Amino acid sequence: MPLLCGTGKRGRREIERSSPLLVKRNFKIIFKRKSEARNPKFETIPNDQISNVLNKGVKRIWILKIRICFEFRYSDFEFEPFTMDLKERLRQLSSISKVPVASIEEETGDLKERLDRLLRPEKVFRKRELYPIEKLVNGKIVSASEGETFRAEEYFPPDFRYGEMTLSEIHNIPTYPAHLLSGDERLKEIDFKKALFLDTETTGLSGGTGTLAFMVGLGFFQGDGFVVQQLFMRDYSEEKASLSILQDILNSYQFLVTFNGRHYDIPLLETRMILSRKRSQIREMPNFDLLFPSRKIWKGAYENCRLVTLESRLLGMEREEDIPSEWIPSLYFDYIQTGDARKIHRVFYHNRMDILTMVALAGRIHLVYHDPQAARPRKGVEHFSLGRLFWDHGDREKAIPCFEIALKRCDDELAWEVMKWLSMAFKKTGQGEKAHSLWHEMMEWPYRKDAYPYIEAAKYYEHRLKEFEKAIEYVDQALTLISFHRERDVELLLERKKRLLKKKVGNESR
DNA sequence: AGGGAACTGACGTTGGAGCT
DNA sequence: AGCTCCAACGTCAGTTCCCT
């Protein structure tokens, strides 16, 4: 009877996809009968009871890989699925490890010992010698007072183009008011020449003391070009050296540029610094976190505001050999376990691309904010967001043209909201007539959504034109459109009508 | 998965402006 | 002086989003 095996929640999902055998450090194996696939029930079976299970008639098992994991993770190796007897599989494994097998009964009874033998240290060292990181990634071993670590380095010339601007164009961006986009006054005059772009790769998302940043990617302008340096821990013991070098580099820059670094990379690095008993001002450094301005400008324009989404959809860039970020912890654990750097180079590529995307994104944000018309936002929604941003910043001259362009370019779904904002902008800048004509346009709009133009027109006729009868007409129309669930709004409209009737009577009696 | 800021929507409060 | 309107701001609870 074939079985599917795995551990933990994540394991269950993976099993349903590819049915690997996964083993935790405590060597409990979880079995699921294939016949229960519709409503899987997983049970934990300690390895010392495996033989009992096998004796109960469970004879066949799906095995893709057996491995010891520090933490659970998905195997990225590809194997041909096969079905065979467990005893037969263990016999084969024993022949690979060239360790004599006393008896099959012994093997099934002491799985832990078998796995230990399969992963003997000398095997790991052999791979580390064969495929060291230094040979596969462009970089070198660097020293600090606490020890050594690996540092990769890549240079990008000034004419290198990632997105719509060259690095040289981004380098030459004058300071721009990033404080308005980030809420941090210290970024009033951010200068990319003095900024350090930072992105980490970590062993997970959990945060706390269990997660560490095994790679810290740093990007900065040097001369006219751009350099990406990546500090990489070849072993957990290299963390102190890595953090020490990072701290030295941080001391040379005034600003940090990150993507969600404010809530992810920086707190994590700060925790690691504290655990390494290092003083660090990383949290105090002015940080231009690109996530927040990106959300303000492009929220709603694309399916989400993740860095990779903005990279492909906004900047039009595609990565050639990228990996999903959720694979990264697993690839690093493999590297630590085997010393084989043949796969980890993809993490270097991923990190490098993240940093280049941040640079391009910072350039794009500058472009649309500095001169939205010249930046030619691609979508109406982008103009709309920019308009609201300028409006919030009190820049009405820039806001209104953005709304007007947005209205021409957006779809019917968004047009209603754009018209609301544009009419409100006209009203508040003393352009009552323009607002008035827009409310009328809204009243004729086939995709009308609410009573907004009628309520606004009622206010306009009551307070500006003093035409109370006309105002009452608009209130009545608003009452027919407003949902009766919105009791408060109905109540307000009824009060308005009552007041207008009083004013009308007063007017007529004069 | 964990953390936490930002966002959203509903509701209440406050204060300035204009009118009677 | 007192009233009304309106916009801006505050609070709260629940939700969304992003990083590996």
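**Contacts with DNA strand B and an aromatic cluster**

Modeller: In this predicted model, an N or O atom in the side chain of arginine 262 lies 2.7 Å from a phosphate oxygen of DNA strand B.

Colleague: What makes that a polar contact?

Modeller: A polar contact is a pair of N or O atoms within 3.5 Å, and the arginine 262 pair, at 2.7 Å, therefore meets the definition. Histidine 263 also qualifies, with a polar side-chain atom 3.1 Å from a sugar or linking oxygen of DNA strand B, while a polar backbone atom of leucine 205 lies 3.4 Å from a base nitrogen.

Colleague: Why is the pair of phenylalanine 214 and tyrosine 332 called stacked?

Modeller: Stacked rings have centres within 6.5 Å and planes under 30 degrees apart; since phenylalanine 214 and tyrosine 332 are 3.9 Å apart centre to centre, with 5 degrees between the planes, the pair is stacked. Phenylalanine 214 lies in strand 9 and tyrosine 332 in helix 14, so the pair ties together parts that are 118 residues apart in sequence.

Colleague: Why is the pair of tyrosine 236 and tyrosine 332 called edge-to-face, then?

Modeller: Here the centres are 6.4 Å apart and the angle between the planes is 70 degrees, and because edge-to-face requires over 60 degrees, the pair of tyrosine 236 and tyrosine 332 falls in that class.

Colleague: How do you know whether tyrosine 332 and tyrosine 236 are buried or partly exposed?

Modeller: Buried means under 20% relative accessible area, so tyrosine 332, at 0%, is buried, whereas tyrosine 236, at 33%, counts as partly exposed.

Methods:
Residues numbered from 1 in each chain as written. Chains lettered and ligands numbered in written order. Predicted model: local features only at pLDDT ≥ 70, side-chain atom pairs only at ≥ 80, totals over all residues. Heavy atoms only, no water. Polar contact = N/O pair within 3.5 Å; in protein donor to acceptor, adjacent residues only side chain to side chain. Phe/Tyr/Trp six-rings, centres within 6.5 Å; stacked < 30°, edge-to-face > 60°. Helix = DSSP H or I, 4+ residues; strand = E, 2+ residues; numbered from the N terminus. Buried < 20%, exposed > 50% of the residue type's maximum accessible area, 1.4 Å probe, protein only.
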